[in-house]
Amino acid sequence: ELSHALKSALRKRELEIARDVQRGLLPRFLQAPEGGELVATSVPAFEVGGDFYDVLPLPEGRIGLLIGDVAGKGVPAALLMATLLSGFRAVAEGYAGPGAVLGRLNTFLRSQRTSPGVFASALYAVYDPATRTLTYSSAGHPPPFAMPVSIECGGPVLGLIADFAFTEESTVLPPGTVVAFYTDGLEEARSGDGVEIEMEAL
């Protein structure tokens, strides 16, 4: 039987490998839309987590923005995240509509999962700088913060319901609009003294 120290060392190495894989899958360069700025960061609560995002240049200057969160933590979540990001790239380039993309990702996830408890939230939006229009669809993911406009969206998480038709909405963004996509870890954020920060304060 492996000693406790050896098991601990192997577990640590396993997490390091998963973290490196995860970091390698997140985009290193963000192509901002014409007339706009784009910034992203990911800070896992553990060595590795299930949060993911991607930015995809689309025809005619449009840009696809994906954010999501795989259920669970650690290596299994990181591996599922890798599978979803790979699937997203394959699907989104041929299905520009956010609702259709999430529908395809839902089918993809259901075909890949090995247990019924595997699911992920996701929000996919396409921004068209020519019309300043953001078209978006959600699969159980929190709607983004937006100022001065309001964005509301909803739908079941990916992997839950077979052949679900995800709806999509559109919003015109006035000049100066800020849109912040986030995962539910932000809703659990705490101040330096351990007090949970209310959503209104965020």
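This is a short walk through one protein chain, from its overall make-up to a few local backbone features.

The model is a predicted one, so please hear everything that follows as computed from it.

I will start with the whole chain. It has three helices and seven strands. Read along the sequence, these elements follow the pattern α-β-β-α-α-β-β-β-β-β. There are 202 residues, and 39% of them count as buried. The accessible surface comes to about 11400 Å², and carbon and sulfur atoms account for 55% of that. For contacts, take the pairs of residues at least 6 apart in sequence: 63% of those contacts join residues at least 24 apart.

Next, the sheet. Five strands form an open sheet, in the order β1-β2-β3-β4-β6, with antiparallel pairing. Which strands stand at the edges? They are β1 and β6; each has a single partner strand, so one side of each is left without a neighbour in the sheet. On average, neighbouring strands of this sheet are turned by 15° against each other, with direction ignored. As general background, strands of a sheet pair through backbone hydrogen bonds, either parallel or antiparallel.

Now one pair in detail, β1 and β2. Strand β1 covers residues 51-57, and five of its seven residues are buried. So β1 is an edge strand with a single partner, and yet it is mostly covered. The partner is β2, residues 63-70; the two run antiparallel and are joined by seven bridges. To place the register on your screen, look at Asp51, which stands opposite Asp69 in β2. Further along, Leu56 has Gly64 as its bridge partner in β2.

The two strands form a hairpin, with five residues between them. Glu60 lies in that loop between β1 and β2. Its phi is near 60°, which is a positive value in a residue other than glycine. Is Glu60 buried or exposed? At 74% relative accessibility, Glu60 counts as exposed, because the cut-off for exposed is over 50%.

There is a second case of positive phi to look at. Arg132 has a phi near 55°, again in a residue other than glycine. Arg132 is found in the loop between β3, residues 120-128, and β4, residues 133-139. At 30% relative accessibility, Arg132 counts as partly exposed; that class lies between 20% and 50%. As a reminder of the background, most residues other than glycine have a negative phi, and most peptide bonds are trans.

That brings me to the peptide bonds. Where is there a cis bond? The bond from Met147 to Pro148 is cis, with omega near 10°. Pro148 sits in the loop between β5 and β6.

I will stay in that loop for the last item. Ile161 also has its place there, between β5, residues 145-147, and β6, residues 169-172. Together with Leu160 and Phe164, Ile161 makes a nonpolar surface patch of about 250 Å². Why can Ile161 belong to a surface patch? Ile161 is partly exposed, with a relative accessible area of 37%, and patch residues need over 30%, so Ile161 passes that cut-off.

To recap: the chain carries an open sheet of five strands, a hairpin made by β1 and β2, a cis bond from Met147 to Pro148, and a nonpolar patch that includes Ile161. That is what I have.

Technical notes: Residues numbered from 1 in each chain as written. Predicted model: local features only at pLDDT ≥ 70, side-chain atom pairs only at ≥ 80, totals over all residues. Heavy atoms only, no water. Buried < 20%, exposed > 50% of the residue type's maximum accessible area, 1.4 Å probe, protein only. Helix = DSSP H or I, 4+ residues; strand = E, 2+ residues; numbered from the N terminus. Pairing = 2+ DSSP bridges. Patch = residues over 30% accessible without salt bridge, like charges linked within 9 Å, V, L, I, M, F, W, Y side chains within 5 Å. Areas by Shrake-Rupley, 256 points an atom, 1.4 Å probe, with all protein chains shown as cover. Salt bridge = Lys/Arg side-chain N within 4 Å of Asp/Glu carboxyl O. Axes fitted to C-alpha atoms, helices over the stretch in contact; angles between N-to-C directions. Contact = heavy atoms within 4.5 Å.
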